[in-house]
Amino acid sequence: MADSLLSYITLAMILFSLGLLGVISRKNIFIIYMSIELMLNAINLIFVSVGRYYESIEPQVIAMVIIAIAAAEAAVFLSLIVVMYRRKKTLNSDIFTVLSQKDSNE
Amino acid sequence: MIDIVFVVLAFFAVSGGVGMILFAQPIYSALSLIMTILALAGIFALLSAPFLFMLQIILYAGAIITLLLFIIMFLNIQSDNLPEEPHKKSTIVVGAILLVPFNILILKAFYTLPNKPMHILGDNFGSISLFGTELFRGWLVPFELISILLLTALVGAVVLARKDK
């Protein structure tokens with residue numbers, strides 16, 4: 001079972017689908033952020049297992065790049081959540097629509 | 001033996017993911033996500049990527065999710081700050097059914113690849129020295145771009161999070 005590429009890909013697709021379900025079904029902005037992290041992890045798993053299949057080290061480098069990008073994303077996303085929470089006192093993701101409006105200083 | 005390890009790790013990964021999208025409190029979701037990430041670190045070790053195994057534990061579980069937990073605790077969220085999610089379960093069920101064809105498509109694409117044994121490779125595959133050589137030979141420009149991206153994110157986070165005048 002651990003010998004075939006397909007079982008790793010199946011696990012990665014299950015995790016990716018769970019992440020996608022979290023993004024489309026939840027309104028809590030923290031859960032949406034965590035679902036994005038889960039999807040990034042699933043993609044990492046696909047990269048690493050395909051890299052093991054072809055015995056190449058390059059996908060592992062790509063996975064490291066993805067981890068670094070996730071770290072950068074975490075910093076900006078979480079500071080944005082902190083700012084919005086201080087202003088509106090809610091974690092509803094709908095409040096982020098004010099970011100797209102011209103006059104957001106209510 | 002490896003099969004048992006894989007099944008246990010996959011079980012923990014999937015149950016952590018399911019818990020993450022079902023819990024109402026963000027703190028429980030974050031703890032479930034840590035479980036998923038640690039299980040994925042073990043799976044990276046099974047795929048002969050020891051450096052990524054360490055990176056996943058140190059960077060993901062140790063830095064990113066800890067930052068997330070810190071922010072969740074720092075905000076002191078009461079239960080009336082949480083958004084109402086009346087259609088959560090029905091959306092999850094409908095979405096899961098809609099995602100089945102997509103998953104079948106991806107798995108069919110991978111099914112056509114010839115079967116190859118995936119045992120753990122010895123001879124330094126995935127070790128830090130091989131990884132670093134590949135990183136600084138073929139991936140130097142992306143590496144420098146990541147440094148710039150991290151610097152930009154750092155500046156952006158500081159600018160966003162400072163107190164309003």
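**View 1. Contact between the two domains of chain B in the predicted model.** Five residues of domain 1 of chain B touch five residues of domain 2 of chain B. On the domain 1 side, three of the residues facing domain 2 of chain B are nonpolar and two are polar, with no charged residues. The assignment places residues 2–126 of chain B in domain 1 and residues 127–165 in domain 2. Taken over C-alpha atoms, the centres of these two domains of chain B are 24 Å apart.

**View 2. The contact between chain A and chain B.** Chain B contributes 75 residues and chain A contributes 62 residues. On chain B, at least two residues come from each of helix 1 (2–22), helix 2 (26–46), helix 3 (50–75), helix 4 (88–111), helix 5 (128–138) and helix 6 (140–161). The side of chain B that touches chain A comprises 58 nonpolar, 12 polar and five charged residues.

**View 3. Packing of helix 3 of chain A with helix 3 of chain B.** Helix 3 of chain A spans residues 58–88, and its axis lies 11 Å from that of helix 3 of chain B, at an angle of about 5°. Angles under 35 degrees count as roughly parallel, so helix 3 of chain A and helix 3 of chain B are roughly parallel to each other.

**View 4. Residues in the contact of helix 3 of chain A with helix 3 of chain B.** From chain A, the contributing residues include A:Q60, A:M64, A:I67, A:L78 and A:Y85. Among those from chain B are B:L52, B:Y60, B:I64, B:L68 and B:L75. By class, this helix–helix contact has 20 nonpolar residues, one polar residue and no charged residues.

Key
Residues numbered from 1 in each chain as written. Chains lettered and ligands numbered in written order. Predicted model: local features only at pLDDT ≥ 70, side-chain atom pairs only at ≥ 80, totals over all residues. Contact = placed C-beta atoms within 7 Å. Helix = DSSP H or I, 4+ residues; strand = E, 2+ residues; numbered from the N terminus. Nonpolar A, V, L, I, M, F, W, Y, C, P; charged D, E, K, R; others polar. Domains from an automatic or database assignment. Axes fitted to C-alpha atoms, helices over the stretch in contact; angles between N-to-C directions. Parallel < 35°, antiparallel > 145°, perpendicular 65-115°, else oblique.
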